[in-house]
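Here's a walk through one structure, taken a piece at a time. Have a look at the sequence and the model below, then read on.

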Amino acid sequence: MIMLSFDGTVNQENIKYYRPIFNQLTNPNGCPARGTFFIEDQGTAYALVKTLYDEGHEIGIQSVDGKAPGSSTEWIDQLKSKSHYTCV
């Protein structure tokens, strides 16, 4: 089983590097390889994130700005403040 994960933004600059990876890989059972994208908010193109999700990739949240919140309360506050970005 092929499993890949990526951290950071998803945008027009880096999507061009991700696409060839997944176009060329299949799992031993013949199913296409998929990845998990741990995105950060700043600099991410959410239409591309939606496309990745629709293609079967998993989407996770790294952080808003690349820095991990220091407590569960900070995580909750960040998620609530960014809930309007939800597209999946």
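How far does the backbone nitrogen of Val-10 lie from a polar atom of the side chain of Thr-44? In this predicted model, the distance is 3.5 Å. That contact is a handy way in, so let's start with the loops around it.

## Thr-44 and its surroundings

Thr-44 sits in the loop that runs between strand 2 and helix 2. It counts as buried, because its relative accessibility is 12% and the cut-off for buried is under 20%. Besides the Val-10 nitrogen, the Thr-44 side chain has a second backbone partner: one of its polar atoms lies 2.5 Å from the backbone oxygen of Glu-40.

Leaving aside residues up to four places away in sequence, Thr-44 touches Gly-8, Thr-9, Val-10, Ile-39 and Val-49. Two of these neighbours, Gly-8 and Ile-39, also stand opposite each other, with Ile-39 in strand 2. And although Thr-44 and Asn-11 are 33 residues apart along the chain, their C-alpha atoms are separated by 5.4 Å.

## The loop before helix 1

Now for the other loop. Thr-9 lies between strand 1 and helix 1, and it is buried too, with a relative accessible area of 18%. Its side chain makes a polar contact of 3.2 Å with the side chain of Asn-11. Again setting aside residues up to four places away in sequence, Thr-9 touches Asn-14, Tyr-18, Glu-40, Gln-42, Gly-43 and Thr-44.

Asn-11 has another job on the list: it caps the N-terminal end of helix 1, with a side-chain oxygen 3.0 Å from the backbone nitrogen of Glu-13.

## Strands 1 and 2

Strand 1 covers residues 3-8 and strand 2 covers residues 34-40; they run parallel and are joined by six bridges. Within that pairing, Leu-4 has Gly-35 of strand 2 as its bridge partner. To get from strand 1 to strand 2 the chain passes through helix 1 (residues 12-24), and this β-α-β crossover is right-handed.

How enclosed is strand 2 by the rest of the structure? Largely so, because five of its seven residues are buried.

## The two sides of helix 1

Which residues of helix 1 are buried? Asn-14, Ile-15, Tyr-18 and Phe-22 are. Looking down the helix axis, these buried residues fall within an arc of 105°, so they line one face of the helix. They pack against strand 1, strand 2 and helix 2.

Turn to the other side of helix 1 and you find Glu-13, Tyr-17, Asn-23 and Gln-24, which are exposed.

## Salt bridges

How many salt bridges does a search of the whole structure find? It finds three. As background, side chains of opposite charge can pair when their charged atoms come close.

Take Glu-13 and Lys-16 to begin with: their closest N and O atoms are 3.7 Å apart. Both residues are in helix 1, three residues apart, or about one turn of the helix. An α-helix has 3.6 residues a turn, so residues three or four places apart point the same way. Glu-13 is exposed, at 54% relative accessible area, while Lys-16 is partly exposed, at 44%.

Another pair is Arg-19 with Glu-55, where the closest N and O atoms are 2.8 Å apart. This one links distant parts of the chain: Arg-19 is in helix 1, and Glu-55 is in the loop between helix 2 (46-54) and strand 3 (58-63), 36 residues apart. Both ends are partly exposed, with relative accessible areas of 29% for Arg-19 and 32% for Glu-55.

That leaves Asp-54 and Lys-50, whose side chains meet in a salt bridge with an N to O distance of 2.8 Å. They are four residues apart in helix 2, so about one helical turn separates them. Asp-54 counts as exposed at 51% relative accessibility, whereas Lys-50 is partly exposed at 31%.

Conventions:
Residues numbered from 1 in each chain as written. Predicted model: local features only at pLDDT ≥ 70, side-chain atom pairs only at ≥ 80, totals over all residues. Heavy atoms only, no water. Pairing = 2+ DSSP bridges. Helix = DSSP H or I, 4+ residues; strand = E, 2+ residues; numbered from the N terminus. Right-handed = clockwise from strand over helix to strand, strands pointing away. Buried < 20%, exposed > 50% of the residue type's maximum accessible area, 1.4 Å probe, protein only. Polar contact = N/O pair within 3.5 Å; in protein donor to acceptor, adjacent residues only side chain to side chain. Contact = heavy atoms within 4.5 Å. Salt bridge = Lys/Arg side-chain N within 4 Å of Asp/Glu carboxyl O. Arc of directions from axis to C-beta.
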